Amino acid sequence: MKILVAIKRVVDHNVRIRVRADGSGVETNGVRMSMNPFCKHAVEAAVQLSEAGQGDEVVVVSIGPKPSTDVILTALAMGAHRGILVETDAELETLAIAKLLAKVVAEENPDIVLLGKQAVDDDSNHVGQMLAALTDRPQATFASVIKVVGQALEVTREIDTGTETVSIPLPAVVTADLRLNTPRNAALPMVMKARSKPLAVRAAAEFGVDLAPRLTIEKISPPAERVAGKTVGSPSELAAIIAAEVSQMEAL
Amino acid sequence: MSVLVVADHDLGQLSPATARVVHAVSQLGTVDVLVLGHDTTGVAEKASKLAGVQKVLCAQSLGTAEADVSVVEALAKGYHIVAQSANSCGKDRLPRLAARLDIMPVTDIVEILGSNRFVRPIYAGNALQTVTDPQPRHLLTIRASAFPPAANGNAAPVETIDVPVVSAAQLIATHRTESDTPDLAAAQIVVGGGVALGSAENFQLIARLAKKLGAAIGATRAAVDAGYAPNDWQVGQTGKIIAPDLYIAIGISGALQHLAGIQGAKKIIAINNDPEAPLVKLADVALIGDLFELVPQLIAELDQKLP
């Protein structure tokens with residue numbers, strides 16, 4: 001069984017981001033970048049399936065500028081076998097990303113495609129679902145458990161009312177939620193070994209996909225600042241404030 | 001313009017989120033509501049009462065993304081806009097529909113500036129993106145908590161339609177969290193607990209205060225990961241986004257990803273032993289000290305003030 005994992009390089013999730021004063025975007029120059037946390041869960045899930053004898057080959061693909069090679073190397077160090085960088089300096093929309101990935105899926109023909117459920121930069125949560133539609137495969141998003149059962153997957157999904165379990169025939173697309181697993185930190189020998197694993201670099205243009213954006217981003221602005229609060233000295237004072245709030249709500 | 005809103009419902013009840021989505025998009029055009037599923041008569045009737053609704057459509061579906069999207073896709077051609085709330089169902093279905101229709105969606109909308117101009121948060125709400133969508137048709141998900149609900153009092157007609165449903169995926173089980181507290185995403189008051197509670201038993205303290213106030217219960221990712229609270233209570237970038245009138249955060253330091261979920265709260269109260277905690281700094285009112293002493297005292301005080 002072959003598993004393809006799509007991963008994204010984003011501003012490290014521990015970095016407090018800064019919106020550029022001219023509204024053109026979020027400052028990424030000189031900012032620490034790393035693999036999107038949800039993508040790490042996807043890579044870990046693929047490597048675990050492979051280690052359990054349920055995946056022969058784990059291929060990782062990332063779409064982005066040259067430095068995205070770093071996150072592919074991270075995934076290779078975690079245990080993936082081979083990497084593909086679809087290189088572009090353009091900021092692509094999720095639909096264009098999904099179309100490029102659909103081309104990669106057509107070439108690689110994986111049984112399972114794993115992705116993170118969302119990237120923590122644009123927070124879109126689109127690509128897995130779009131890719132599933134474009135490749136005409138069933139989807140199971142927000143996965144917290146993945147089990148291989150014959151020629152199908154049983155996936156437990158985290159949803160607003162609790163969880164649900166779906167059975168999806170292979171080939172299929174699954175997106176990872178945070179409780180799926182605990183991603184490993186690759187040991188140094190694995191990091192060294194990752195550099196010798198195959199990594200193909202392909203230009204995004206060679207896939208023949210229309211990458212032009214559909215939407216116009218007018219501006220990026222910081223959220224409204226909250227006014228400074230006060231500290232109260234006792235539960236009794238706080239209870240008075242809460243009681244006043246509650247009676248105000250009831251009055252409305 | 002014509003708008004199709006896909007309704008949310010659970011256990012035979014229309015979700016309060018749908019009234020908010022209907023209100024948000026009714027400024028864009030005439031609204032039809034689509035109710036998917038089985039035995040949805042009660043849900044359709046509730047939806048037909050919402051102001052701004054022209055017609056309610058009921059169609060059978062199978063509760064999977066493929067099934068729902070196959071029905072919506074068949075209907076979408078008749079509308080300029082398809083909208084759904086940005087909850088776990090809308091997030092799952094709408095991008096799949098978008099790729100089927102080759103339309104780039106605009107999701108998690110918190111403000112509608114015009115017929116095709118929207119504001120959506122990025123970077124866990126630490127930045128806001130203003131987007132123009134020049135496509136002839138639009139696919140939107142709406143953060144229900146950012147909009148007021150539509151009024152009741154309408155009596156729109158309800159039609160049952162027959163659309164073929166396709167799904168290779170099968171729903172085989174659902175596991176829900178038993179709780180009699182209000183829906184987090186629509187609650188006026190939310191009481192949230194963090195990992196400082198220390199155990200699932202201690203988390204009952206949060207439940208007691210919530211019950212006293214008729215509030216929904218929220219939890220941080222760390223508290224959920226530690227098993228103190230179920231996953232559907234998680235508030236934050238990866239959990240639920242809340243916008244209550246009052247949020248009471250207990251033993252929550254305020255990780256970035258949690259703050260992302262509470263930025264819409266009108267008033268924030270924090271109880272924490274660390275005066276330097278990010279959430280304490282952000283709060284409108286803070287009470288500093290040991291939550292295990294302060295919260296029982298607070299509940300006793302509220303028993304007197306709000307009998």
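This note goes through a predicted model chain by chain and then across the contact between chains A and B.

1. Conventions. Because the model is predicted, local features are reported only where pLDDT is at least 70 and side-chain atom pairs only at pLDDT 80 or more, whereas totals for chains, interfaces and linings use all residues. Residues are numbered from 1 along each chain as its sequence is written, and chains are lettered from A and ligands numbered from 1 in the order in which they are written.

2. Chain A overall. Chain A contains six helices and 13 strands, where helices (H or I, at least four residues) and strands (E, at least two) are DSSP runs numbered from the N terminus. The C-alpha trace of chain A spans about 65 × 45 × 40 Å along its principal axes. Of its 252 residues, 50% count as buried, a residue being buried if 20 or more other C-beta atoms, placed from the backbone, lie within 10 Å of its own, exposed if 12 or fewer, and partly exposed in between. Among contacts in chain A between residues at least 6 apart in sequence, 69% join residues at least 24 apart; two residues are in contact if their C-beta atoms, placed from the backbone, lie within 7 Å.

3. The sheet shared by both chains. An open sheet of 10 strands with mixed pairing follows the order β11(A)-β5(A)-β4(A)-β1(A)-β6(A)-β10(A)-β7(A)-β8(A)-β9(A)-β13(B), with strands taken to pair if DSSP finds at least two bridges between them. The edges are β11 (199-203) of chain A and β13 of chain B, each with a single partner strand, so one side of each is left without a neighbour in the sheet. Neighbouring strands of this sheet are turned by 25° against each other on average, direction ignored; axes here are lines fitted to C-alpha atoms, for helices over the stretch in contact, and angles run from 0 to 180 degrees between N-to-C directions.

4. Pairing within and across that sheet. At the chain A edge, strand β5 (residues 82-87) pairs with β11(A) in the parallel sense over five bridges, and A:E87 has A:A203 as its bridge partner. Strand β8 (residues 152-159) of chain A and β9(A) are antiparallel over eight bridges, forming a hairpin with two residues between them, in which A:E158 is partnered by A:T163. Strand β9 (residues 162-169) of chain A is in turn joined by six bridges to the antiparallel strand β13 (residues 170-176) of chain B, where A:T165 is matched with B:A173 and A:G162 with B:R176.

5. Helices α3 and α4 of chain A. The axes of α3 (residues 94-108) and α4 (residues 127-134) of chain A come within 9 Å and cross at roughly 50°. That angle makes α3(A) oblique to α4(A), since angles under 35 degrees count as roughly parallel, over 145 as roughly antiparallel, 65 to 115 as roughly perpendicular and the rest as oblique. The residues of this contact divide into nine nonpolar, one polar and one charged; Ala, Val, Leu, Ile, Met, Phe, Trp, Tyr, Cys and Pro count as nonpolar, Asp, Glu, Lys and Arg as charged, and the others, Gly among them, as polar. On the sheet, α4(A) lies across β6 (112-116), β7 (139-149) and β10 (172-176) of chain A, running at about 65° to β7(A).

6. The sheet of chain B. Seven strands of chain B form an open sheet with parallel pairing, in the order β7-β11-β6-β1-β4-β5-β12, and its edge strands, β7 (106-109) and β12 (158-160), each pair on one side only. Strand β1 (residues 2-6) of chain B pairs with β6 (residues 81-85) of chain B over four bridges in the parallel sense, and B:V5 stands opposite B:A83. Helix α1 (residues 16-26) of chain B packs on the sheet, touching β1, β4 (30-36), β5 (53-59), β6 and β11 (138-142) of chain B, with its direction at about 145° to that of β6(B). Helix α4(B) lies across β6, β7 and β11 of chain B and runs at about 170° to β11(B).

7. The contact between the chains. The contact takes 71 residues from chain B and 62 residues from chain A. On the chain B side, the largest share, eight residues, comes from helix α4 (residues 88-101) of chain B, and the residues of that side divide into 34 nonpolar, 20 polar and 17 charged. A further pairing across the chains joins strand β13 (residues 230-232) of chain A to the parallel strand β18 (residues 285-288) of chain B by three bridges, with A:V232 partnered by B:L287.
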